[in-house]
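Dear colleague,

I am handing over a structure that is new to you, and I would be grateful if you would look through it. The findings follow beneath it.

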Amino acid sequence: MLIDGHGRTVNYLRVSVTERCNFRCQYCMPEKPFSWVPKENLLSFEELFWFIKVAIDEGVNKIRITGGEPLLREDLDTFIRMIHDYKPDIDLALTTNGYLLPDVAYRLKAAGLGRLNISLDSLKPHVAAKIAQKDVLAKVLDGIERALTVGLKVKINMVPLKGINDDEILDILDYCQARNIKVRFIEYMENRHADESLRGMHGREILDKVKERHTIHALGREGASPSFNYVLENGYEFGLIDPHKHDFCESCNRIRLTAEGFLIPCLYFDEAMSIAEHVKKGDIEGASQVLAQVLKDKPKENRWSEENPNEEKEISARAFYQTGG
Ligand code: SAM
Ligand code: SF4
């Protein structure tokens, strides 16, 4: 079992397989980075899988593949199959912008993928295009339908932004209710890479929008999930991911692995330790030691927390497209 320096059990590994992306979301990667990580520095699927096996053997039972846009990496289904075949009962999920899903949803499902989180910030083509800086909506909606058709469990992520898509919270809720899929509204997290003019919505403001049409009841956090759940009068459940709230980190159970082999203890923690050298040497003991150190270093709470006195809480140098969100 993996326990961090604050006594929290860590059983969830998020693996970013690429930092590259086919969107330029204003809150994540508004401009193409000056340079990408050179291809030769990326760990191969075999190398990532080697470390994943170490992590599974030490207690990880939940893995999410993310990015950048993970579907940009060729043969992702082969990687998914490797993990699934090693431990068929593992909770295996993927986060994607959905654009490439229409073509690969079936292969992902056949390879053993269980769940899919798809980002959907707007149902209006021009607003989706404004946020992603590309005409994306039709293909994303097609990707969602395709994923549902092949039997993948789908959740939707929406980041509400003031003056951009804040008038669509109820529409996205309706869209998800109609398909019986859960939506999670994510508070915009400030970071140095995002467009400076963006203003996120506080969880309270998001709930106020929902209350304009619905009666809602709080259900509480779903296990160690960052999502705080609510239920509407008709029984439909949705979630709010509110990293600015003080209790957000209490049950955090996750660490992150980047495509280059850096292990990151917290989304908002700038330091990271590389396992690449150990992976290349097949040195299980060395990799386990790095894992243990990263767990020891895992901070008690992120720097977005409103109760965190750190003056730099609003600014993170680490990009979401590198850590996988
Ligand atoms: N490209 C995939 C996607 O967009 O779903 C996976 C990677 S993306 C970094 C993972 C999640 O992080 C997405 O749901 C995205 O909306 C969220 N995200 C990115 N930047 C964010 C920010 N500044 N604040 C809140 N959520 C953010
Ligand atoms: Fe790409 Fe996802 Fe970041 Fe948007 S949020 S730029 S789709 S990695």
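Is Phe49 buried or exposed? Phe49 has a relative accessible area of 14%. Because buried means under 20% relative accessible area, Phe49 counts as buried. Please note that the model is a predicted one.

The ring of Phe49 also takes part in an aromatic pair, with Tyr86 as its partner. The two ring centres are 6.0 Å apart and the planes stand at 85°, so this pair is edge-to-face. It brings together distant parts of the chain, since Phe49 belongs to helix α1 and Tyr86 to helix α2 (residues 76-86), with their positions 37 residues apart. Tyr86, at a relative accessible area of 34%, is partly exposed.

In total, 6 aromatic pairs were counted. Another of these is formed by Phe23 and Tyr99, whose ring centres lie 5.7 Å apart; their planes are at 85°, so this pair too is edge-to-face. Here again distant parts of the chain are linked: Phe23 sits in the loop between β1 (12-16) and α1 (45-57), and Tyr99 in the loop between β3 (91-96) and α3 (101-111), 76 residues apart. Both Phe23 and Tyr99 are buried. Elsewhere, ring pairs join Phe185, Phe228, Tyr230 and Phe238 into a cluster.

Phe23 appears once more around ligand 2. The other residues around that ligand are Cys21, Cys25, Tyr27, Cys28, Met29, Gly68 and Asn97. By character, this shell consists of 6 nonpolar and 2 polar residues, with no charged ones.

Turning to the sheet, 12 strands make up an open arrangement with mixed pairing, in the order β7-β8-β9-β6-β5-β4-β3-β2-β1-β10-β11-β12. Its edge strands, β7 (216-221) and β12 (273-274), each pair on one side only. Strands of a sheet pair through backbone hydrogen bonds, in either a parallel or an antiparallel manner. In the case of β11 (residues 262-264) and β12, the two strands run antiparallel and are joined by 2 bridges. Within β12, Ser274 is the bridge partner of Phe262.

Two helices that lie across strands of this sheet also deserve mention. Helix α5 (residues 137-149) lies across β4 (115-119) and β5 (153-158), and its direction makes an angle of about 165° with β4. Helix α6 (residues 169-178) lies across β5, β6 (182-186), β8 (227-232) and β9 (237-241), running at about 155° to β6.

Yours sincerely

How values were computed: Residues numbered from 1 in each chain as written. Chains lettered and ligands numbered in written order. Predicted model: local features only at pLDDT ≥ 70, side-chain atom pairs only at ≥ 80, totals over all residues. Heavy atoms only, no water. Near = heavy atom within 4 Å. Nonpolar A, V, L, I, M, F, W, Y, C, P; charged D, E, K, R; others polar. Pairing = 2+ DSSP bridges. Helix = DSSP H or I, 4+ residues; strand = E, 2+ residues; numbered from the N terminus. Contact = heavy atoms within 4.5 Å. Axes fitted to C-alpha atoms, helices over the stretch in contact; angles between N-to-C directions. Phe/Tyr/Trp six-rings, centres within 6.5 Å; stacked < 30°, edge-to-face > 60°. Buried < 20%, exposed > 50% of the residue type's maximum accessible area, 1.4 Å probe, protein only.
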